[in-house]
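Here's a quick briefing to read with the model open beside you. It goes topic by topic, so feel free to jump around.

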Amino acid sequence: MACYRAAFLLTAISIAAPATAQQRREIPNRQSPAPSAGRWLRQLANDLDHLQEDLFFERGKYPEGLGAQVDQVSLAVAHLQRVRLQTTDQRHQLRDFQEMDRKVHQLVDTLEQFGDPWLRRQASRISYSDEQLHYALQRKIEMPRANPRELLARQSHLLENVARDLQQLDERVNQRDRRLGDAIQEFADRTEHFHEVVEKGADTEHLRGDFQEVDEAWHHVVERLNGSKYGYYLRAAAQNVDRVHNQVHEMVTPHGRVTEPAAPRNPPPRRRPAIEFEIPGVGRFQIPQ
Ligand SMILES: [Zn+2]
Ligand SMILES: [Zn+2]
Ligand SMILES: [Zn+2]
């Protein structure tokens, strides 16, 4: 846990310049950065290294074969990283990605089988990186002909999962801020409804209406989170939710694409929720800035 927090701290500092309260501002309508497969492959490799390290120090408590299985996945990740540098042959990359992916999913299943909360956390961390990797690769190599609705279904499924993850985490770490807990629950319930509606194939108007409710609930969560004294850890976890929320947002209401003749040429910039961080001696800043 400690290393994860430290790692996030470094990333947070390097991507967000400290700002005083007066300097705080939002840059509306900023496009999310292009999803990067390389970044999520590195993250996945880190997740596996941390798992392996912790298994090593806890040796004896978990079945022996687990470490070897983690090694196999790490090798597959490293192999794909190398292949991506060596060839632009997308069929080759796809084959190695699918091979690696199969091992990742087997590992996640194994980790979940033990019923151990710590291993389940590791599983959900690894799954998150894997899902982001799918998101980065799907349009280019994984499912180039998939219809947008399939991609939306996958991402709204993920949004519901990370919302429930955040809810569970909040229940563990936060016993006093009931209103934050209620806001997270409301948000998670709406993501569940939204996911259902996407899977049932509702029309675009219905989807946008329902996503707007998800969006409003998420803004409430972020406001409560920023106003609460609870902790760095929960905010870092909320970052993961925010990323998926933004991905779904852009799928439901793509930027710069006029979908109906009557649509205004320049839609009003959308307000993105920004999660605030405070680092003693560094200052208070928000992400996205
Ligand atoms: Zn996968
Ligand atoms: Zn689904
Ligand atoms: Zn609905």
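Phe187 is fully tucked away in this predicted model: its relative accessible area is 0%, so it counts as buried. Trp218 also comes out at 0% relative accessible area and is buried. These two residues make a good way into the fold, and the metal sites follow below.

**Aromatic contacts**

- The structure has 5 aromatic pairs, and one of them is made by Phe187 and Trp218.
- The ring centres of Phe187 and Trp218 sit 4.8 Å apart, with the planes at 40 degrees, so this pair is classed as tilted. The angle falls between the cut-offs, since stacked needs under 30 degrees and edge-to-face needs over 60.
- Phe187 belongs to helix H7 (residues 178-200) and Trp218 to helix H8 (residues 204-227), so the pair ties together parts that are 31 residues apart in sequence.
- Elsewhere, Arg39 lies over the face of Trp40, 4.2 Å from the ring centre.

**Overall fold**

- You'll find 9 helices and 2 strands in the protein.
- Reading from the N terminus, the order of elements is α-α-α-α-α-α-α-α-α-β-β, so to speak a helical run with the strands at the end.- The protein has 289 residues, and 46% of them count as buried.
- Take the contacts between residues at least 6 apart in sequence: 75% of these join residues at least 24 apart.
- About 16200 Å² of the protein is exposed, and carbon and sulfur atoms supply 50% of that area.

**Zinc ion (ligand 1)**

- What holds the zinc ion (ligand 1)? Its protein donors are Asp101 (OD), His105 (NE2), Asp130 (OD) and His134 (NE2), at 2.0 to 2.1 Å.
- Along the chain, those donors follow the spacing D-x3-H-x24-D-x3-H.
- Angles among the 4 donor atoms run from 95 to 147 degrees, which makes the arrangement irregular. A tetrahedral call would need all angles between 85 and 135 degrees.
- Asp101 and His105 share helix H4 (residues 90-113), where they are 4 residues apart, or about one turn of the helix.
- Asp101 is buried at 13% relative accessible area, whereas His105 is partly exposed at 35%.

**Zinc ion (ligand 2)**

- The zinc ion (ligand 2) is coordinated by His157 (ND1), His195 (NE2) and Glu199 (OE), with distances of 1.8 to 2.3 Å.
- The spacing of these donors along the chain is H-x37-H-x3-E.
- His157 is in helix H6 (residues 148-173) and Glu199 is in helix H7, so the pair ties together parts that are 42 residues apart in sequence.
- His157 is partly exposed, with a relative accessible area of 37%, and Glu199 counts as partly exposed at 48%.

**Zinc ion (ligand 3)**

- For the zinc ion (ligand 3), the protein donors are His193 (NE2), His206 (NE2) and two entries for Asp210 (OD), lying 2.0 to 2.7 Å from the metal.
- The donor residues are spaced H-x12-H-x3-D in sequence.
- This site is irregular too, with angles of 52 to 142 degrees among its 4 donor atoms.
- His206 and Asp210 both lie in helix H8, 4 residues apart, about one turn of the helix.
- Buried or partly exposed: which is Asp210? Asp210 is buried, with a relative accessible area of 12%, while His206 is partly exposed at 36%.

**Leu44 and its surroundings**

- Leu44 is in helix H2 (residues 37-57) and counts as buried, at 0% relative accessibility.
- Beyond its neighbours within four places in sequence, Leu44 is in contact with Val77, Met100, Val104, Ile126, Ser129 and Leu133.
- Leu44 and Asp130 are 86 residues apart in sequence, yet their C-alpha atoms are 7.0 Å apart in space. Asp130 is one of the donors of the zinc ion (ligand 1).

**Thr204**

- Thr204 lies in helix H8 and is partly exposed, with a relative accessible area of 40%.
- The C-alpha atoms of Thr204 and Val252 are separated by 7.9 Å, although the two residues are 48 apart along the chain.

Note on methods: Residues are numbered from 1 along each chain as its sequence is written. Chains are lettered from A and ligands numbered from 1 in the order in which they are written. This is a predicted model: local features need pLDDT of at least 70, side-chain atom pairs count only at pLDDT 80 or more; totals for chains, interfaces and linings use all residues. Side-chain values use heavy atoms; hydrogens and water are left out. Rings of Phe, Tyr and Trp (its six-membered ring) pair if their centres lie within 6.5 Å; planes under 30 degrees apart count as stacked, over 60 as edge-to-face and the rest as tilted. Buried means under 20% relative accessible area, exposed over 50%, partly exposed in between (1.4 Å probe, protein chains only). A charge sits over a ring if NZ of Lys or CZ of Arg is within 6 Å of the ring centre and within 35 degrees of the ring normal. Donors are N, O and S atoms within 2.8 Å of the metal (3.2 Å for Na, K and Ca); water is not among the atoms, so sites may look incomplete. Contact means heavy atoms within 4.5 Å. Accessible areas come from the Shrake-Rupley method with a 1.4 Å probe; for residues, only the protein chains shown count as cover. Four donors count as tetrahedral if all angles lie between 85 and 135 degrees; four count as square planar and six as octahedral if opposite donors are over 155 degrees apart and all others between 65 and 115; anything else is irregular.
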